[in-house]
Amino acid sequence: MINLFPTSNLTHKVLTVSELNSSTKLFLEQNIPLLWIKGEISNLKCYQSGHWYFSLKDSSAQIRCVLFSHRNQYIDWQPKDGMQVEVLALVTLYEPRGDFQLNVETMRRAGLGELFAAFEQLKAKLEKAGLFDPVKKKPLPAFPNQIGIVTSPDTAALRDVLTTLRRRMPFLAVIIYPALVQGKAAANTIADAIAVANRRAECDVLILCRGGGSIEDLWAFNEEMVASAIAASDIPVISGVGHETDFTIADFVADIRAPTPTAAAELASRDHQELSQHLNAFHQRMYRITLHRIENAMQRADMLSHRLIHPGDRIKQQSIHLQHLQDRFSTTWAHQMERKQWKLLEFNQRLMAASPNITDMERQQKELIARFRAAYTRHFETLAIKLHHVHTQLSHLNPQSVLERGYSITYAANSIIVRDSKQVHYGDRIQVKFAHGTCEADITKTGDS
C-alpha cells in the first residue's frame with residue numbers, strides 16, 4: 001500500500017480540503033484497476049445531458065455511480081431501479097463533494113454476462129468472416145408471388161404476420177416452414193427449415209418470425225448454425241425476431257432486419273389498396289397523355305395540310321429566296337471590305353503618330369537615374385548624421401558611462417537601490433556596484449549629508 005502522506009511531513013504540512021481530495025482521487029485511480037462490480041440499481045436519474053446517475057447497492061452497503069452519455073449510448077436496453085446489474089467501473093472520488101463513486105465504463109444485466117460475452121464473440125467472428133457485409137445483402141422482390149415463414153405454427157407472432165399479409169395482399173400465397181423458436185433444439189430446426197426452403201425454391205422471400213422475449217428466449221437466433229444457414233440462403237431473408245430493442249445475430253446476417261414480426265410482413269408485401277390507387281392514378285394519367293397526344297397529332301395534321309403546296313411552286317419560291325440571299329451577301333461583303341480598309345488606314349495613321357522617340361526617352365532615363373542617385377546619397381548622409389547624434393545621446397544616458405566616471409550604485413539587502421541614508425541602519429549589509437565589479441559592506445555609521 002502506498003503512503004499518501006509520509007509521517008515525517010505531517011507535523012510540518014497542513015493540507016487543504018482540495019489537496020486532500022485531489023490526492024485521494026489520484027491514489028484510488030492509480031492503485032485500483034477497472035473492476036466488475038455486481039449490485040442492485042437504486043435512485044436512477046437520467047438527466048437532459050444524457051448522463052445516468054444511480055447507486056449500486058447490496059444487502060449491507062451502497063456506492064454512488066455515474067455513466068456518462070458517450071458511454072451509455074452503446075447500451076441497447078433501459079436500466080431501471082431494482083435491476084441486478086454488473087458494471088465495469090473505475091473507483092474514484094468526486095472532488096467538489098468528496099464523494100466516493102464509480103465511473104462506469106459499461107453495464108450488463110447480472111446473470112447474462114456469459115451470454116453477452118458469447119454474443120459479442122460470435123458477432124465479432126462472423127463480422128470478420130464477412131457475413132455482415134452489406135455488399136452481400138440481397139434485394140427484396142418488389143412483387144413476390146409466394147412468401148415463406150420460418151417459425152413455430154402456434155406462436156402469436158405468426159398470427160400477427162398472417163393477419164398483416166392478409167390485410168395487405170389477400171391473394172399472396174404463404175408457406176410455413178415449421179421450426180422450434182425456443183429451446184436447445186431450436187437452432188437446428190431453424191437452420192433445417194431455411195435449408196428446406198432453399199431446396200424446394202418455391203418462395204421469393206423468407207421471414208424469420210419470433211415474438212419478443214429475454215435474451216435466453218431468443219438465443220436460438222444467436223447460434224452460428226442459424227447465421228450460416230441465413231448467409232447460405234439464395235432466397236432473401238427478413239429477420240423479424242423480437243421487439244424493436246431486441247438484436248440477434250440473425251438480424252445482422254439477414255438481408256434486412258425488421259423491428260418486429262409485423263414490420264417484417266409489411267416489408268415483404270405491398271399494400272394492395274395502395275397499389276390499386278397507384279394503378280388507377282397511372283391509368284388516368286396514361287388516358288390523359290394518350291388523349292393529349294391524339295389531339296396534338298390531329299391539330300398538327302390540320303396545320304400540315306394547310307402548309308402543303310405544289311413541289312414546282314416550292315422550288316420556285318426557294319430559288320427566288322436563294323437569289324435574294326446571294327444579293328444580300330454580295331452587298332454585305334463589299335460593305336464590310338470597304339469598312340475594314342478604312343479602319344486599316346486609320347490604324348496606320350494612329351500608329352505613325354504614336355511611335356515613341358527613343359532618343360528623348362533614353363535622355364530622360366539618364367537624367368532620372370542621376371537625380372535618383374543624388375537623392376539616394378543625400379538621404380543616407382542625413383541618416384548617418386542622425387544615427388551619430390542618437391548614438392552620442394545614448395552614450396550620455398548609459399548607466400555604465402556614469403559608473404565609468406567614478407559613480408557607484410548601492411543596493412540594500414532586499415535589492416532596492418539606496419537613495420537616502422534613512423533607508424539603511426546600523427549593522428545592515430549593503431552591496432555596492434562599480435563600473436567594474438561589486439563589493440559588500442556593513443553599515444557602521446549613518447547620517448544626513
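This report looks at two pockets and one helix in a predicted model.

**The two pockets**

Let's start with the pockets, side by side.

| Pocket | Volume | Nonpolar residues in lining | Polar residues in lining | Charged residues in lining |
|---|---|---|---|---|
| Largest pocket | about 710 Å³ | 12 | seven | eight |
| Second largest pocket | about 430 Å³ | eight | six | five |

In the largest pocket, 27 residues form the lining, and those closest to the centre are Asp 76, Trp 77, Arg 109, Phe 116 and Glu 120. Strand β5 (99–109) and helix α4 (113–129) each give at least two residues to this lining.

The second largest pocket has 19 lining residues, with Tyr 53, Arg 64, Cys 65, Arg 97 and Gln 101 nearest its centre. Elements that supply two or more of its lining residues include α2 (17–31), β1 (35–46) and β5. Which element gives the largest share of this lining? That is β3, with four residues.

**Helix α6**

Now follow helix α6, which runs over residues 186–200. Its 15 residues reach 21 Å from the first C-alpha to the last, close to the 21 Å expected at 1.5 Å a residue. Among its buried residues are Ala 186, Ile 190, Ala 193, Ile 194 and Ala 197. Why do the buried residues of α6 line one face of the helix? Seen down the axis, they fall within an arc of 155°, so they line one face. In general, an α-helix has 3.6 residues a turn, so residues three or four places apart point the same way.

The face of α6 turned away from the buried side carries exposed Asp 192 and Arg 199. The cover over the buried residues of α6 includes β6 (146–151), β7 (173–178), β8 (205–210) and α7 (224–232). Just after α6, Ala 201 has a positive phi of about 50°.

How values were computed: Residues numbered from 1 in each chain as written. Predicted model: local features only at pLDDT ≥ 70, side-chain atom pairs only at ≥ 80, totals over all residues. Heavy atoms only, no water. 1 Å grid on protein atoms, 1.4 Å probe; cavity = no way out; pocket = protein on both sides within 12 Å on 5 of 7 lines; lining within 4 Å. Points joined across faces, edges and corners; volume = space filled by probe spheres on them. Nonpolar A, V, L, I, M, F, W, Y, C, P; charged D, E, K, R; others polar. Expected span 1.5 Å × (residues − 1). Buried < 20%, exposed > 50% of the residue type's maximum accessible area, 1.4 Å probe, protein only. Arc of directions from axis to C-beta. Contact = heavy atoms within 4.5 Å.
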